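Me: Please look over the model shown below before we begin. I should like to work through it by question and answer.

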Amino acid sequence: MSGRMSALLEAKSISKRFGGLEALTDVTLAISRGEIYGLIGPNGAGKTTFFNVLTGFYRADHGEFTFDGEPLYAGAPHRVAAAGIARTFQNIRLFGNMTALENVMVGRHVRTRSGVIGAVLRNAATRAEERAVHEHSYRLLEYVGIAARQSDLAHSLPYGDQRRLEIARALATEPKLLALDEPAAGMNATETATLRQLLELIRTDGTTILLIEHDVKLVMGLCDRVAVLDYGLKIAEGQPAEVQRNPAVIEAYLGGALA
Amino acid sequence: MATTLPRQPAAKWLGIVLIAVALVVLPFAVDATLGRAWVRIIDVALLFVMLALGLNIVVGYAGLLDLGYVAFFAVGAYAYALLASPQFDIHTSFLLLLPLGALITAMFGVLLGAPTLKLRGDYLAIVTLGFGEIIRIFLNNLNRPFNITNGPQGITLIDPLQIGDVALSKTFVIGGITLAPVHSYYFVFLLCALLIVVVSLRLEDSRIGRAWVAIREDEAAAKAMGINTRDIKLLAFAMGATFGGVSGGLYAAFQGFVSPESFTLLDSIMILCMVVLGGMGHVPGVVLGAVLLTALPEALRYVGPLQKDWFGQVFVDPSDLRMLLFGLALVLMMLFRPAGLWPSKIRKREWTA
């Protein structure tokens, strides 16, 4: 471990352009191990684009990521997942016609190995692996609190449970960094409170969290540090309280006229 | 998912034994009652069971709409035909040829899969349809400048399945039971079909099977979960093609003759109908679909003579009636049982929810 604070993820001058739209301009940030890092900003600020570039769904036009000391392979989501970054989606993307348990079991794919031959022969190694996948997945359902619905189809779960299931599925990939895209969107106050407890528990258990969120109260209460994006530029970074007082941030959220 | 029903082991074994006895007796019982033609129809049905289960991997599990699947049947059949016939005067043993044919078709599966990886839905369907036609047209025209496939005339005198001097094209009498070629082939086909059923069921309930279904359900989410969608899709194409190749090789040996006209778009569509009608992604349903869609058109042949018996003349030509009823059945199915005749429990819930 080097002398400086050990950064789990470093983004260096990430830029992404869609035609004439500069979605991300030179965004540089570093997320430390064990923290909950918030990424906020008005609609269209580039938060989700940043997520998509980070997780390999888009290729950055410029800039690079260093994750856990290694350069992150650009443009291949499955390699990003293998490297240890798991994500959820803004508009929940579960495997609707699989059961809750099966959804989480899919998350184990990247940490397991058995192939066609193992599947066909059902040898001892494959059976042991399947059992482990099953147990691990069930424990994760318990962890997020929806074990009772293990055999329900994902699309038939209530909204809040779908959000939890998506988190459980992401955790099944054993991420070092859990990237959540607006996990509290559409939740009521009670659901948001339980989500907050869950996120704190995940952090306590050693997973770093990157959080995109609109719910300012949740972000301010939960995050150790926050970065603010506006029109693709990082306009502020720091502890929630100081960011909240930053004039540039206030202007971005409330509009120029009030600043 | 579908494999482990909570049942008493004793009852389960009794069930298996009863089914096994029924399957062994079936060809002889059918021969004695309906006639030998129907044993042949059962043989063909078993070939279609293998084909439908192969397509089920691609369409049912991985959700990749393939309209050219019969191409793999053709490749398997020609691979066997070319290497076990007077065409090149090569007579390789089927014990070597069937696995080799499966391997070749698997390669063709990857070959077709590779350019379609980024395509979905309609676009994928069109490209696979084109691939199916390309294969058929190639087979039809590869008699010039070098005669490889013998063109539209097809390849004749293909070797039957044979070990040593025992060829399945001969009739045997064992202990008073007459074993005609259709009977012997029945047992070979049954064995292969059962093997493919077991492989399908095991794949479905495995890491690979879950990855296929995940891709079908949401490809982006599957990628985010660390699934290498390119490899897993190619694997689906290869596995599906393999089943088709085995079925094709057996078909060539059984018929003793192959020609390009056995592998048309209509055949691809028929196989797809078996999968969809039976219950996409559900092995028992797909088997049922394959058996029904092979047997029903044959059964409707009797409608002509029946009309003559009852009314003294034939009002509706049986072959017209077959297509009419078939079309009607498809429309009704899609309206009333969109998940298939025998969908998996989970899919059934999906439609009733």
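**Questions on the model**

Me: Is B:Leu157 buried or exposed?
Reply: B:Leu157 has 11 other C-beta atoms within 10 Å. A residue is buried if 20 or more other C-beta atoms, placed from the backbone, lie within 10 Å of its own, partly exposed if fewer than that but over 12, and exposed if 12 or fewer. On this count, B:Leu157 is therefore exposed.

Me: What pLDDT do local features need in this model?
Reply: Residues are numbered from 1 along each chain as its sequence is written, while chains are lettered from A and ligands numbered from 1 in the order in which they are written. The model is predicted: totals for chains, interfaces and linings use all residues, side-chain atom pairs count only at pLDDT 80 or more, and local features need a pLDDT of at least 70.

Me: What is the phi of B:Leu157, and between which elements does this residue lie?
Reply: Most residues other than glycine have a negative phi, and most peptide bonds are trans. B:Leu157 has a positive phi near 55 degrees. Helices (H or I, at least four residues) and strands (E, at least two) are DSSP runs, numbered from the N terminus. The loop that holds B:Leu157 lies between H5 and S3 of chain B.

Me: What is the omega of the peptide bond that joins B:Arg144 and B:Pro145?
Reply: B:Pro145 belongs to the loop between helix H5 (121–141) and strand S3 (162–163) of chain B. The bond from B:Arg144 to B:Pro145 is cis, with omega about -10 degrees.

Me: How does the radius of gyration of chain B stand against the globule rule, and what is its value?
Reply: Chain B has 14 helices and 6 strands. The radius is taken over C-alpha atoms, and the rule is 2.2 Å times the number of residues to the power 0.38. For 353 residues the rule gives 20 Å, and chain B comes close to this, so it is as compact as a globular protein of that length; its radius of gyration is 21 Å.

Me: Which element gives the most to the side of chain B that touches chain A?
Reply: Residues are in contact if their C-beta atoms, placed from the backbone, lie within 7 Å; 27 residues of chain B are in contact with 29 of chain A. Helices giving two or more residues to this side of chain B include H6 (181–204) and H9 (229–255). With 7 residues, the element that gives the most is H7(B).

Me: Which strands stand at the edges of the open sheet in chain A, and why is one side of each left without a neighbour?
Reply: The sheet has 6 strands in the order S6-S7-S8-S3-S9-S10, with mixed pairing, where two strands pair if DSSP finds at least two bridges between them. Each edge strand has a single partner, so one side of each is left without a neighbour in the sheet; these strands are S6 (85–87) and S10 (233–238) of chain A.

Me: Which residue is the bridge partner of A:Tyr37 in S8(A)?
Reply: Strand S3 (residues 36–40) and strand S8 (residues 208–212) of chain A pair in the parallel sense over 4 bridges. Within S8(A), the partner of A:Tyr37 is A:Leu210.

Me: What is the phi of A:Tyr231?
Reply: A:Tyr231 lies in the loop between S9 and S10 of chain A. It counts as partly exposed, with 16 C-beta neighbours inside 10 Å. Although A:Tyr231 is not a glycine, its phi is positive, at about 50 degrees.

Conventions:
Contact = placed C-beta atoms within 7 Å.
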